[in-house]
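Please open the model in your viewer and keep the selection panel at hand. The tour begins with the whole chain and then moves to one pair of elements.

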Amino acid sequence: DAMLADLLQTYLVQDKSVAALFDGDRPLATFSARISIAFAVGLLPPNIRSDLDKIRRIRNHFAHHPEATSFGGAPARDICSTLSIVDKTSGVSTSHFATMSPRDQYLMTIAGLSHYFEELIRGIRNGQVVRAVPPDKLRLFTDG
């Protein structure tokens with residue numbers, strides 16, 4: 001959640017009014033909203049968006065059902081088995097991934113996402129990824 005916020009804040013126009021969108025009950029204050037906007041502006045491919053939504057679901061389940069905070073039980077176990085980023089970016093083979101515990105699948109996915117976000121942020125800062133910029137002042141009407 002925090003790394004996704006960092007990614008968006010790095011990408012979006014640098015202005016206090018934009019930074020405020022991440023506070024309190026503002027439009028980008030929730031993990032769900034951050035996932036949606038990052039996908040909408042092209043920063044996330046579909047599989048990463050899907051994995052972030054799955055991580056959000058696990059986090060919400062643990063927050064709302066503290067007595068059931070185990071990766072070994074449903075729904076966390078079942079959601080972890082469908083995470084896609086692990087076998088695409090970690091170098092762990094699919095067969096090895098299948099033998100990993102749900103917690104390890106989750107942690108490997110978080111590690112892969114962290115690396116993805118760090119590289120993307122670095123690309124934005126280095127100009128390799130085009131960043132949103134505020135438009136120049138536009139005069140709609142001119143004299144004469």
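**From the whole chain to one helix pair**

In this predicted model, residues 24 or more positions apart account for 55% of the contacts with a separation of 6 or more in the protein. Colour the chain by secondary structure next, and you will find eight helices and zero strands, which, read along the sequence, give the pattern α-α-α-α-α-α-α-α.

Now switch on a surface for the protein, whose accessible area comes to about 8,900 Å², with 55% of that area belonging to carbon and sulfur atoms. Of the 144 residues, 33% count as buried.

Next, select residues 46-64, which form helix H4, together with residues 102-125, which form helix H8, and hide the rest; the axes of these two helices come within 11 Å and cross at roughly 130°. Because angles over 145 degrees would be needed for roughly antiparallel and 65 to 115 for roughly perpendicular, H4 counts as oblique to H8. Turn the view until one helix lies in front of the other, and the crossing of H4 with H8 is left-handed.

Which residues make the contact between H4 and H8? Show side chains for Ile48, Asp51, Leu52, Ile55 and Ile58 on H4, and for Tyr106, Thr109, Ile110, Leu113, Tyr116 and Phe117 on H8, since these are the residues that make the contact. Colouring this selection by residue class gives nine nonpolar residues, one polar residue and one charged residue; the charged one is Asp51, on H4, and the polar one is Thr109, on H8.

How values were computed:
Residues numbered from 1 in each chain as written. Predicted model: local features only at pLDDT ≥ 70, side-chain atom pairs only at ≥ 80, totals over all residues. Heavy atoms only, no water. Axes fitted to C-alpha atoms, helices over the stretch in contact; angles between N-to-C directions. Helix = DSSP H or I, 4+ residues; strand = E, 2+ residues; numbered from the N terminus. Parallel < 35°, antiparallel > 145°, perpendicular 65-115°, else oblique. Left-handed = near helix turned anticlockwise from the far one by under 90°. Contact = heavy atoms within 4.5 Å. Buried < 20%, exposed > 50% of the residue type's maximum accessible area, 1.4 Å probe, protein only. Areas by Shrake-Rupley, 256 points an atom, 1.4 Å probe, with all protein chains shown as cover.
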